[in-house]
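Student: Could we go through this protein together, with each term set against its definition?

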Amino acid sequence: MESTDPVFAIAIAAELAGMHPQTLRQYDRLELVIPQRTSGQSRRYSMRDIDQLREIARLGAEGVSLEGIRRVLQLENQVAALSRRVRELEHALADEMISRPGQRVFAAGESGDVVSIKAGTRARRNTQVVVWRPLGHD
């Protein structure tokens with residue numbers, strides 16, 4: 001079972017989160033925690049949803065407003081998504097390094113793009129001088 005699997009009915013989820021079922025309905029309306037729905041439109045909560053409900057209760061007990069809680073949850077979800085993306089990119093980079101060991105060195109091209117260079121070589125430096133003059137002045 002994954003932490004995102006929707007397995008708990010509202011009564012069980014409320015008990016696990018230490019809240020009244022009506023509070024869960026209100027949080028759903030406010031889009032703080034949005035449970036998945038069955039074909040009959042019954043709410044089903046996951047363990048991740050339960051954890052978020054507990055976090056809402058904790059923040060509320062500390063005096064954070066519902067709008068503040070919404071923002072905290074948005075930021076936490078954004079951090080989690082970015083962390084997952086970083087892990088994906090790390091795995092992709094590791095796979096690339098293993099599959100193409102001779103092309104592990106990169107540099108910036110003249111137009112700012114990323115280019116591969118052979119390991120042990122240096123990127124050619126551009127030593128041109130560019131003179132800038134305002135328009136209308138020769």
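The questions below take up the helices, their contact and the overall form.

Tutor: This is a predicted model, in which local features need pLDDT of at least 70 and side-chain atom pairs count only at pLDDT 80 or more, while totals for chains, interfaces and linings use all residues. Residues are numbered from 1 along each chain as its sequence is written, and side-chain values use heavy atoms, with hydrogens and water left out.

Student: Why is α1 called roughly perpendicular to α2?

Tutor: The axes of helix α1 (residues 10-17) and helix α2 (residues 21-29) come within 8 Å and cross at roughly 100 degrees. Angles of 65 to 115 degrees count as roughly perpendicular, and therefore α1 is roughly perpendicular to α2.

Student: Which residues make the contact?

Tutor: With contact meaning heavy atoms within 4.5 Å, Ile10, Ala13 and Ala14 of α1 meet Pro21, Leu24 and Arg25 of α2. The residues of this contact divide into five nonpolar, no polar and one charged, where Ala, Val, Leu, Ile, Met, Phe, Trp, Tyr, Cys and Pro count as nonpolar, Asp, Glu, Lys and Arg as charged, and the others, Gly among them, as polar.

Student: What radius of gyration would a compact globule of 138 residues have, and what does the protein have?

Tutor: The globule rule, 2.2 Å times the number of residues to the power 0.38, with the radius taken over C-alpha atoms, puts a compact globule of 138 residues near 14 Å, but the protein has 26 Å.

Student: What share of the residues is buried?

Tutor: Buried means under 20% relative accessible area with a 1.4 Å probe, protein chains only, and buried residues make up 19% of the 138 residues.

Methods. Axes are lines fitted to C-alpha atoms, for helices over the stretch in contact, and angles run from 0 to 180 degrees between N-to-C directions. Helices (H or I, at least four residues) and strands (E, at least two) are DSSP runs, numbered from the N terminus. Angles under 35 degrees count as roughly parallel, over 145 as roughly antiparallel, 65 to 115 as roughly perpendicular and the rest as oblique. Buried means under 20% relative accessible area, exposed over 50%, partly exposed in between (1.4 Å probe, protein chains only).
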